[in-house]
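Here is a brief report on one protein model. Please look over the sequence and the structure first.

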Amino acid sequence: MCYDYAKMCCEIASAAGRYSIINVSKIGKSVMGRGIPCVKIGEGKYKLFLSGAYHGLEYLTAAVLVKFLKEYAAKVTKAETLLGYDVGKLYDRITLFIAPMINPDGVDIAVNGIDVSDKLHRQLIKETGIQDFAGTWQANARGVDINHNFDALWKQVKDKPSATKYGGAFPESEPETRAVTEFVRKEKPDMLIAFHSQGREIYYDFNGKEGARSREIAEKMAAVSGYSACVPEGTATFGGCKDWFIDEFGKEGFTVEMGYGKNPLSMDMLDSVYDECAKIILCVQTEMCKK
Ligand SMILES: [Zn+2]
């Protein structure tokens, strides 16, 4: 069992039907025209933006975020705690935005394979020479790696469309990237977490820059989850969402590499990885309220 765009949309719609505190909108469209959903919960003064599935093989991140929004809405509605946290209190003070799947086309290619009747897909086969896309595909439907397409020390690691690490012709060239940057520039969240897999690591720095409380909060997130707070190395050090957020706004932005293993992580890991990531999110919300 995998987790594709249709499954995510179905789960979000059913959660929104069940809990009136869930508001769903679209923050943009993918290359292939799929709407990129964003769930808003709460109207509190502090804004937290959570996003996932920038990479095709990392669909578990979307499943974890959708599970979190369902559990969070359920516990707030029933006035119960979630993993020991008083979510009613967090709900009053925080506006939570959750966009579980930034790269729906890439996820669907990784999960469902290539559709030779589609012109864009045929173009990908021609440009990349790949035949077996399931198990390799991280990029969007134009072969651009969304997490190398942000305007933060942007440079080309590869010079043509590829399964991974091609940053595009220029920063923010892709509609999926612009969906995020336009949303963030409009809503101005106080903090941001971009979820990836895998490694059980939390990155909080960009090129020596970080928000005032980045390190302190990353260490608290690490303590509740068992993950490591660290500074990224190699190609993980530029062009990503949290890099751009730190660079443009100087606020606390994080990348969480959930779970451990080889991508795609098995959906059997959903419950255990959910527990770790829910604690990370609830910890950040708690810290935001201390501001
Ligand atoms: Zn990733």
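## A buried phenylalanine

F238 sits in the loop between strand 7 (228-230) and helix 8 (241-249). The model is predicted. F238 has a relative accessible area of 8%. That is under 20%, so F238 counts as buried.

What does F238 touch, leaving out residues up to four places away in sequence? The contacts are N147, H148, A152, L153, K155, V157, F206 and D243. N147 is 91 residues from F238 in sequence. In space, the two C-alpha atoms are 8.7 Å apart.

## The zinc site

Which residues coordinate the zinc ion? H55 and H196 each give ND1, and E58 appears twice with OE. The distances run from 2.0 to 2.5 Å. Angles among the four donor atoms span 55 to 146°. The site is irregular, because a tetrahedral one would need all angles between 85 and 135 degrees. The donor spacing in sequence is H-x2-E-x137-H.

The histidine pair links distant parts of the chain. H55 belongs to the loop between strand 3 (46-51) and helix 2 (59-78). H196 belongs to strand 5 (residues 191-196). The two are 141 residues apart. Are these histidines buried or exposed? H55 is buried, at 10% relative accessible area. H196 is buried too, at 2%.

## Q138 beside the zinc ligands

Q138 is placed in the loop between helix 5 (119-128) and helix 6 (175-187). Its relative accessible area is 12%, so Q138 counts as buried.

Neighbours within four places in sequence are set aside here. Q138 then contacts Y54, H55, G56, L57 and E58. N103, A163, T164 and N263 are also among its contacts. Two of these names, H55 and E58, recur in the zinc coordination.

## Glycine in the same loop region

G168 also lies between helix 5 and helix 6, in the loop. Its relative accessible area is 0%, which means that G168 is buried.

G168 touches V144, N149, W154, Q156 and S173, apart from residues up to four places away in sequence. L120 is 48 residues from G168 along the chain. Their C-alpha atoms are separated by 16 Å.

## Helix 7 against helix 9

Helix 7 (residues 214-225) and helix 9 (residues 270-289) have axes that come within 9 Å. The axes cross at roughly 145°. The crossing is right-handed.

Which residues make the contact? Helix 7 supplies E216, I217, K220, M221, V224 and S225. Helix 9 supplies E276, K279, I280, C283, V284 and E287. By class, the contact holds six nonpolar, one polar and five charged residues.

## F249 in helix 8

F249 is part of helix 8. Its relative accessible area is 25%. That lies between the 20% and 50% limits, so F249 counts as partly exposed.

F249 touches V184, R185 and W244, with residues up to four places away in sequence not counted. E219 is 30 residues from F249 along the chain. The C-alpha atoms of F249 and E219 are separated by 21 Å.

## Backbone exceptions

Most peptide bonds are trans, and most residues other than glycine have a negative phi. Which peptide bonds are cis here? One runs from S197 to Q198, with omega near 10°. Q198 lies in the loop between strand 5 and strand 6 (201-203). Another runs from N263 to P264, with omega near -5°. P264 is in the loop between strand 8 (252-257) and helix 9. N263 is also one of the contacts of Q138.

A79 has a positive phi, near 55°, though it is not a glycine. A79 is in the loop between helix 2 and helix 3 (87-93). At 71% relative accessibility, A79 is exposed. K188 is a further non-glycine residue with positive phi, about 50°. K188 is in the loop between helix 6 and strand 5. Its relative accessible area is 49%, so K188 counts as partly exposed.

Notes. Residues are numbered from 1 along each chain as its sequence is written. This is a predicted model: local features need pLDDT of at least 70, side-chain atom pairs count only at pLDDT 80 or more; totals for chains, interfaces and linings use all residues. Side-chain values use heavy atoms; hydrogens and water are left out. Axes are lines fitted to C-alpha atoms, for helices over the stretch in contact, and angles run from 0 to 180 degrees between N-to-C directions. Helices (H or I, at least four residues) and strands (E, at least two) are DSSP runs, numbered from the N terminus. A crossing is left-handed if the near helix is turned anticlockwise from the far one by less than a right angle, and right-handed if clockwise. Contact means heavy atoms within 4.5 Å. Ala, Val, Leu, Ile, Met, Phe, Trp, Tyr, Cys and Pro count as nonpolar, Asp, Glu, Lys and Arg as charged, and the others, Gly among them, as polar. Donors are N, O and S atoms within 2.8 Å of the metal (3.2 Å for Na, K and Ca); water is not among the atoms, so sites may look incomplete. Four donors count as tetrahedral if all angles lie between 85 and 135 degrees; four count as square planar and six as octahedral if opposite donors are over 155 degrees apart and all others between 65 and 115; anything else is irregular. Buried means under 20% relative accessible area, exposed over 50%, partly exposed in between (1.4 Å probe, protein chains only).
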